[in-house]
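Let's take a quick tour of this model, starting with a sheet and ending with a pocket.

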Amino acid sequence: MLAPLVRELIDAELPILAANGISMWAYSVLLALDRSPMRSQAALAEAIGADKTRIIPTLDELQALGYIERRPDPDDRRVRLLAVTDAGRAVKDATQAEIQRGEERWLGRLSAADRSAFLRVLRQFTDERRAARNLARESS
């Protein structure tokens, strides 16, 4: 039941991403870096559920556009610290606002009670997934 809904949401987001000149991966990177400004490429990849080698072209593109900065970690020059720039935050904010307007239209089909329950359950699944990921990371 979720797969068709997820595809519908992705299909609605793709034109918004294209209009803002970014990919879904780029948007995921900007969202993650805006929540936590400095992190290694490996930590970022883990946070967004991507292979660390897969995100390198996305990071290269975002850096070329001036949306992120990559600097050597002063404690370990093999590690790159990442930060979103003001320009990257502006693109992320504009994209996020448009996506949220679409989500509001989509959620507007539900009654207030159903919407609240739906969002509560999504948060619960998200929190459980995050906790399981953190537990797996700590045990390895």
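Which strands does helix α2 lie across? Helix α2 (residues 24-35) crosses β1, β2 and β3, and runs at about 95 degrees to β3.

## Ground rules

This is a predicted model, where local features need pLDDT of at least 70 and side-chain atom pairs count only at pLDDT 80 or more, while totals for chains, interfaces and linings use all residues. Residues are numbered from 1 along each chain as its sequence is written, and side-chain values use heavy atoms, with hydrogens and water left out.

Helices (H or I, at least four residues) and strands (E, at least two) are DSSP runs, numbered from the N terminus. Angles run from 0 to 180 degrees between N-to-C directions of axes fitted to C-alpha atoms, for helices over the stretch in contact (heavy atoms within 4.5 Å).

## The sheet

The three strands form an open, antiparallel sheet in the order β1-β3-β2; strands pair if DSSP finds at least two bridges between them. At the edges sit β1 (39-40) and β2 (68-73), each pairing on one side only.

Two bridges join β1 to the antiparallel β3 (residues 76-84). Across from Arg39 you'll find Leu82 in β3.

## The pocket

The largest pocket (an open set of points on a 1 Å grid over the protein atoms alone, where a 1.4 Å probe fits, with protein on both sides within 12 Å along at least five of seven lines; lining residues have an atom within 4 Å of a point) has a volume of about 1,800 Å³. Of its 34 lining residues, Glu13, Leu31, Glu103, Thr126 and Arg129 are the closest to the centre. α6 gives the most to this lining, with 11 residues.

Technical notes. Grid points are joined across faces, edges and corners, and a volume is the space filled by probe spheres set on the points.
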